Amino acid sequence: GDIELIKEKLYEILKNFLDWGFVTRVRERIVSTRIGKRISELYIDPLSANEFLNGLGKSSKKQIIEFSFLQLISNSLEMRPLVSVRSSEAEEIQKIILERNRHILQDIPEEYDIEFEDFQDSIKTALMFDYWINEATEDKVLTKFNVAPGELYNKLQLIDWLVYALHELALLSGYKELLTEIRKLRVRLKYGIKEELMALVKLKGIGRVRARKLFNAGLVSLESLRKAQPESIIKIIGVKTTREIKKQLGEKTEEIDEDKQSTLN
């Protein structure tokens with residue numbers, strides 16, 4: 001094809017990479033910077049990486065909550081196609097944009113801008129993830145946001161990778177104050193839980209449902225599980241899982257057998 005056109009495109013890309021700090025000039029050569037190399041290793045689109053870095057750069061002027069990171073990631077190229085906003089939902093989404101403006105890490109396009117539709121969709125997609133980490137059931141998420149089970153699963157796989165990428169960029173760029181919150185968000189997205197359940201889901205065999213049952217019964221930490229009598233835990237999650245939990249906590253499990261269940265019955 002037109003080799004001059006190809007050269008023009010390449011020079012445009014290189015100029016962007018230089019402006020964004022992903023590559024640098026060393027005498028006659030162009031070499032990747034540390035952050036440029038990491039972006040390549042993470043296998044994310046450089047455009048997404050630049051948006052992540054720009055968003056992180058705005059963090060000191062914003063009130064950072066989970067939604068801040070969820071929206072920033074949802075508006076990335078990798079997350080396409082987004083959960084689309086229906087015409088009947090447009091007014092509600094615009095209201096949410098106004099309410100959460102102080103949390104959003106991206107410049108909000110004007111309604112007449114070509115980017116506004118995608119931005120609205122990123123808000124709705126972020127809301128879907130927000131519902132998930134606040135323990136909405138899968139059925140509720142699927143119904144409210146009109147997505148298929150496979151689509152939700154795929155989006156959760158994607159966001160796990162992208163939250164990790166955001167964490168790595170924040171680490172390399174010196175945003176240490178954000179690292180803990182980003183790591184917490186990754187765990188919450190994996191299990192679909194509120195922050196208060198994070199200690200419990202560390203145990204093998206304890207997911208969002210069992211963790212919530214234990215927490216609601218007053219067993220809110222690993223220490224409280226250690227102190228609890230097996231019988232009280234069996235009432236909540238059964239013999240087999242109780243045995244596994246006690247084993248992981250380093251306790252003897254010989255006395256936890258099927259007879260315990262019979263006695264309780």
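Between which two helices does the loop that holds H103 lie? Select H103 and you will find this residue in the loop between α5 and α6, where helices (H or I, at least four residues) and strands (E, at least two) are DSSP runs, numbered from the N terminus.

Before going on, note that this is a predicted model, in which local features need pLDDT of at least 70 and side-chain atom pairs count only at pLDDT 80 or more, while totals for chains, interfaces and linings use all residues. Residues are numbered from 1 along each chain as its sequence is written, and side-chain values use heavy atoms, with hydrogens and water left out.

**Stop 1: H103.** Keep H103 selected: its relative accessibility is 8%, so it counts as buried, the terms being buried for under 20% relative accessible area, exposed for over 50%, and partly exposed in between, with a 1.4 Å probe and protein chains only. Now add Q63, I65 and S68, which H103 touches when residues up to four places away in sequence are not counted; a contact here means heavy atoms within 4.5 Å.

**Stop 2: the whole chain.** Zoom out to show the chain, whose secondary structure comes to 14 helices and two strands. Its radius of gyration is 23 Å, well over the 18 Å that the globule rule gives for 265 residues, so the chain is more spread out than a compact globule; the radius is taken over C-alpha atoms, and the rule is 2.2 Å times the number of residues to the power 0.38. Turned along its principal axes, the C-alpha trace spans about 80 × 50 × 40 Å. Of the 265 residues, 42% count as buried, and among contacts with a separation of 6 or more, 59% are between residues 24 or more positions apart.

**Stop 3: P81.** Select R80 and P81 together, and look at the peptide bond that joins them, which is cis with omega near -5 degrees. Most residues other than glycine have a negative phi, and most peptide bonds are trans. P81 is placed in the loop between α4 (66-74) and α5 (90-99), and at 60% relative accessibility P81 counts as exposed. If you add S122, you will see two residues that are 41 apart in sequence and 9.8 Å apart in space, C-alpha to C-alpha.

**Stop 4: E135 and N146.** Move to the loop between α6 (116-133) and α7 (138-145), where E135 lies; E135 has a positive phi of about 70 degrees although it is not a glycine. Then go on to the loop between α7 and α8 (149-173), which holds N146. N146, also not a glycine, has a positive phi of about 55 degrees, and with 55% relative accessibility N146 counts as exposed.

**Stop 5: helix α13.** Finally, select residues 239-248, which form α13, and colour V239, T241, T242, I245 and K246, the buried residues of this helix. Seen down the axis of α13, these buried residues fall within an arc of 165 degrees, so they line one face of the helix; the arc is that of the directions from the helix axis to the C-beta atoms. Rotate to the face turned away from the buried side, and you will find the exposed residues K240 and K247 there. Just after α13, G250 takes a positive phi of about 80 degrees.
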